[in-house]
Amino acid sequence: ICVDQAYFACIAGKARGIIAPHLERHIEVLEEAYETSKSLAATEYAAEAAKWRFLFDMAPGEEAASYLRGSIDLINIESFIRLRRSGARREALETVWIEGGGIETARFRSLYREAEEEFFSFLATSDHRNLLAFGLAKDIPLAKADLVIRRGLMEMLGASRYRHFDLSPVLYHIELGERDYRILRGVIVGALNGLSEEMRLEHVNALLPS
């Protein structure tokens, strides 16, 4: 904790007046979150929430805002699955959910207290029900869940490649580059770790449209 306090003090003392005003406000959010909670987890969640608020403020149009809402939903869905699978995070769980998505954070908080089947039943009626068709299920390994959610993001943006005169095609091609990077990284890491060609191909297929 002393190290983290020293870090915040350093940032607060040296960065102000040098960095952009919105980053100064971001530092203030982190300082306040840490002073209030004394929790690094809560501070991390506050930082993530502040980042998305800034992106919404800067969104140039409804297309960009729609992309942000869908992205937040997918992040919250992945967080839900990770929290249910892993006990690594125990602090400030009420603040882990990011505001601004199409699915209200209250819904995630409520479903987190229910059996996991309730969560997947809800997904089947939501705008992200295609995740279930891609393989998202109760017993899916975390690594595969990440791939399915990334594929869901690409599907969400897929139609935007044909649009003109707005930001949607740019967003699509940014995410397309990120997807291709993940595919390449998965193939290389799989080869270095001695995974079979079949397993590496499974990783590739999980990220590509059928």
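This short talk is about helix 8, its packing against helix 9, and one residue of helix 9, Glu175.

What we have is a predicted model, in which local features need pLDDT of at least 70 and side-chain atom pairs count only at pLDDT 80 or more, while totals for chains, interfaces and linings use all residues. Residues are numbered from 1 along each chain as its sequence is written, and side-chain values use heavy atoms, with hydrogens and water left out.

Let me start with helix 8, residues 142-157, whose 16 residues reach 23 Å from the first C-alpha to the last, close to the 22 Å expected at 1.5 Å a residue (that expectation being 1.5 Å times one less than the number of residues); helices here are DSSP runs of H or I, at least four residues, numbered from the N terminus. Among its buried residues, meaning under 20% relative accessible area with a 1.4 Å probe and protein chains only, are Arg150, Leu153, Met154 and Leu157.

Turning to the packing, the axes of helix 8 and helix 9, which are lines fitted to C-alpha atoms over the stretch in contact, with angles from 0 to 180 degrees between N-to-C directions, come within 10 Å and cross at roughly 155°. The two helices are therefore roughly antiparallel, a label that applies to angles over 145 degrees.

Finally, Glu175 in helix 9 is buried, at a relative accessible area of 9%. Leaving out residues up to four places away in sequence, Glu175 touches Tyr67, Arg150, Leu153, Met154 and Leu157, where contact means heavy atoms within 4.5 Å. Glu175 and Arg150 are 25 residues apart in sequence, and their C-alpha atoms are 9.2 Å apart in space.

Methods:
Buried means under 20% relative accessible area, exposed over 50%, partly exposed in between (1.4 Å probe, protein chains only). Angles under 35 degrees count as roughly parallel, over 145 as roughly antiparallel, 65 to 115 as roughly perpendicular and the rest as oblique.
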